[in-house]
Structures are given as structure tokens and as C-alpha cells.
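Open the model in your viewer and keep the sequence panel in sight. Each stop below says what to select and what is there.

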Amino acid sequence: MSAVVVGPDGRARCPWATSAPDYLAYHDEEWGRPIRDDQGLFERLTLEAFQSGLSWLTILRKRPAFRKAFADFDIPTVAAFDADDERRLLADAGIVRNRAKVSAAIRNAQVAAELDEGLAAFLWAFAPEGQRAAPRTLADVPSQTTESKAMAKALKRRGFVFVGPTTCYALMQAAGLVDDHLVDCVARRVTTSTSPSRGSRE
């Protein structure tokens with residue numbers, strides 16, 4: 001499947017949105033909508049790193065547990081996590097218990113907390129300039145771009161880990177730095193309108 005799919009409500013969506021019930025609200029209400037606050041972007045960055053090697057559906061279903069385990073992704077709080085917190089996270093069956101990824105999340109919070117400009121300003125500096133052509137099929141959607149490669153390089157230079165160009169591009173898609181809803185997708189008509197607050201993303 002590569003073109004939009006018309007759901008039972010008669011609205012056309014990106015085909016992945018109808019592949020599982022959990023995806024529908026995420027596609028319609030979150031994916032591709034601009035996130036401009038540090039906490040919201042740290043959550044996305046962390047979850048994209050945890051998703052590496054897994055399906056996003058797994059992460060989406062575990063997101064409430066991740067939010068609880070990681071103090072709702074409050075950067076200063078996670079940055080202060082110690083060895084006891086790391087052991088707690090590795091014992092938490094509600095999240096993905098991967099030692100390298102747990103350590104990376106804490107490390108990334110520590111680096112993010114030291115950014116003078118804040119995480120949001122740092123990441124949004126890599127948003128492409130101008131408006132590119134909307135993808136017509138999934139084949140038109142890249143897995144990484146020049147901007148995501150530059151973002152990954154800059155993040156690694158600052159000390160972030162688990163931030164390759166593919167992970168960075170997934171973050172850019174999810175957080176609205178790019179709009180990869182297909183041209184005929186109903187969500188494309190609303191993703192570029194406003195920058196919602198974190199509360200509206202719940």
C-alpha cells in the first residue's frame with residue numbers, strides 16, 4: 001500500500017494510519033504537528049531512540065508507562081537520574097528494558113539541560129527552509145535527508161547518543177519539522193496551521 005486509504009469515516013489518510021487502531025488518533029492528532037517546547041521534543045527524541053529496532057506501535061502502546069517512568073520527560077528531572085533510577089527503569093516491564101537506551105535517555109537529558117538555546121531552538125534550526133512538494137505515495141517519503149544528517153552530526157557533537165540520521169528524520173516527521181502526510185491525506189490540511197501546546201498533544 002502506498003497511496004492514501006479511505007477509512008470507514010470516508011476520510012483519506014496515510015496508509016499506515018489505518019494499519020492498527022492505535023495509530024488512528026496518533027496520525028490524526030499528533031504526527032506531523034509542530035512541537036516547539038523542550039519537554040515535548042525531549043519525549044519525541046527519547047521515544048524515537050527507544051524505537052530503534054522495534055515497531056513504533058510497540059512504543060506508542062508503552063508511551064503511558066514511559067511517561068510515568070521518565071517523570072513525564074521533564075529534562076532536569078531525568079538529567080538528575082542516578083544509578084538507582086537506572087536500576088528502576090531496567091526493572092520496569094512497562095517500558096523497553098534496554099540498558100544502552102536507558103543510559104542514552106539519561107545522558108541525552110543531561111546534555112539537553114546544558115543547551116544554552118534550549119532543545120527546541122536547537123532542533124528547529126534544522127527544519128528545512130521553504131515548502132517542499134507533498135509526497136504522493138510512501139515511496140516519495142525519504143528515510144533520511146540532508147537536514148537529518150546535519151542534525152544527527154550536530155547532536156553527536158554536543159554529546160547526544162542514539163541519534164543517527166534516520167532516527168533524527170523520524171523525529172522531524174513526528175514533531176512537525178517536516179510534513180510527510182501524503183498530499184491527499186486529510187491530516188495534511190491541518191498540520192501546518194498552528195503550533196499546539198504540549199497539553200493539546202495528550
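**Stop 1: Gln173**

Select Gln173 and show whatever surrounds it. Neighbours within four places in sequence aside, Gln173 is in contact with Trp31, Gly32, Val141, Pro142, Val178 and Asp180. This is a predicted model, so treat each stop as a description of a prediction. Gln173 itself belongs to helix 9, which covers residues 165–174. Is Gln173 buried or exposed? Its relative accessible area is 12%; the cut-off for buried is under 20%, so Gln173 counts as buried. Now add Pro34 to the selection. Along the sequence, Gln173 and Pro34 are 139 residues apart, yet their C-alpha atoms are 9.2 Å apart in space.

**Stop 2: helix 1 and helix 3**

Select residues 21–29 for helix 1 and residues 56–69 for helix 3. The axes of these two helices are 10 Å apart, and the packing angle is about 80°. Helix 1 and helix 3 are therefore roughly perpendicular to each other. Show the side chains where they meet. On the helix 1 side, select Asp22, Tyr23 and Tyr26; on the helix 3 side, select Trp56, Leu57, Leu60 and Arg61. Sorted by class, this contact has five nonpolar residues, two charged residues and no polar ones.

**Stop 3: the phenylalanine rings**

Next, look at the aromatic rings. How many aromatic pairs does the structure hold? There are 11. Begin with Phe42 and Phe73. Their ring centres are 6.1 Å apart and their planes stand at 70°, so this pair is edge-to-face. The pair links distant parts of the chain: Phe42 is in helix 2 (residues 38–51), while Phe73 is in the loop between helix 3 and helix 4 (75–79), 31 residues apart. Phe42 is buried, at a relative accessible area of 0%. Phe73 is buried too, with a value of 0%.

Keep Phe73 selected and add Phe70. The centres of these two rings are 5.7 Å apart and the planes are at 10°, so Phe70 and Phe73 are stacked. Phe70 has 0% relative accessibility and counts as buried. To see the wider group, select Phe42, Phe50, Phe66, Phe70, Phe73 and Phe81, which ring pairs link into a cluster.

**Stop 4: charges over rings**

Stay with Phe81 and add Arg88. The charged end of Arg88 sits over the ring of Phe81, 5.2 Å from the ring centre. Then select Arg36 and Trp124 for another example. Here the charged end of Arg36 sits over the Trp124 ring, 3.8 Å from its centre.

**Stop 5: the loop between helix 3 and helix 4**

Return to the loop that holds Phe73 and select Ala71 and Asp72. Ala71 is found in this loop, between helix 3 and helix 4, and Asp72 has its place there as well. What is the sign of phi in Ala71? Phi of Ala71 is positive, near 50°, in a residue other than glycine. Asp72 is not a glycine either, and has a positive phi of about 60°. Ala71 is partly exposed, with a relative accessible area of 30%. Asp72 is partly exposed at 31%.

**Stop 6: Ile75**

Move on to Ile75, which lies in helix 4. With a relative accessible area of 9%, Ile75 is buried. Which residues does Ile75 touch, not counting those up to four places away in sequence? They are Asp38, Phe42, Ala109, Ala112, Ala113 and Leu119. Phe42 was part of the edge-to-face pair at an earlier stop. Add Leu123 and draw a distance line between the C-alpha atoms. Ile75 and Leu123 are 15 Å apart in space and 48 residues apart in sequence.

**Stop 7: Arg97**

Finish at Arg97, in the loop between helix 5 (83–90) and helix 6 (99–113). Leaving out neighbours within four places in sequence, Arg97 is in contact with Leu89, Leu90, Ala91 and Asp92. Select Glu48 as well. The C-alpha atoms of Arg97 and Glu48 are separated by 15 Å, and the two residues are 49 residues apart along the chain.

Note on methods: Residues are numbered from 1 along each chain as its sequence is written. Side-chain values use heavy atoms; hydrogens and water are left out. Axes are lines fitted to C-alpha atoms, for helices over the stretch in contact, and angles run from 0 to 180 degrees between N-to-C directions. Helices (H or I, at least four residues) and strands (E, at least two) are DSSP runs, numbered from the N terminus. Angles under 35 degrees count as roughly parallel, over 145 as roughly antiparallel, 65 to 115 as roughly perpendicular and the rest as oblique. Contact means heavy atoms within 4.5 Å. Ala, Val, Leu, Ile, Met, Phe, Trp, Tyr, Cys and Pro count as nonpolar, Asp, Glu, Lys and Arg as charged, and the others, Gly among them, as polar. Rings of Phe, Tyr and Trp (its six-membered ring) pair if their centres lie within 6.5 Å; planes under 30 degrees apart count as stacked, over 60 as edge-to-face and the rest as tilted. Buried means under 20% relative accessible area, exposed over 50%, partly exposed in between (1.4 Å probe, protein chains only). A charge sits over a ring if NZ of Lys or CZ of Arg is within 6 Å of the ring centre and within 35 degrees of the ring normal.
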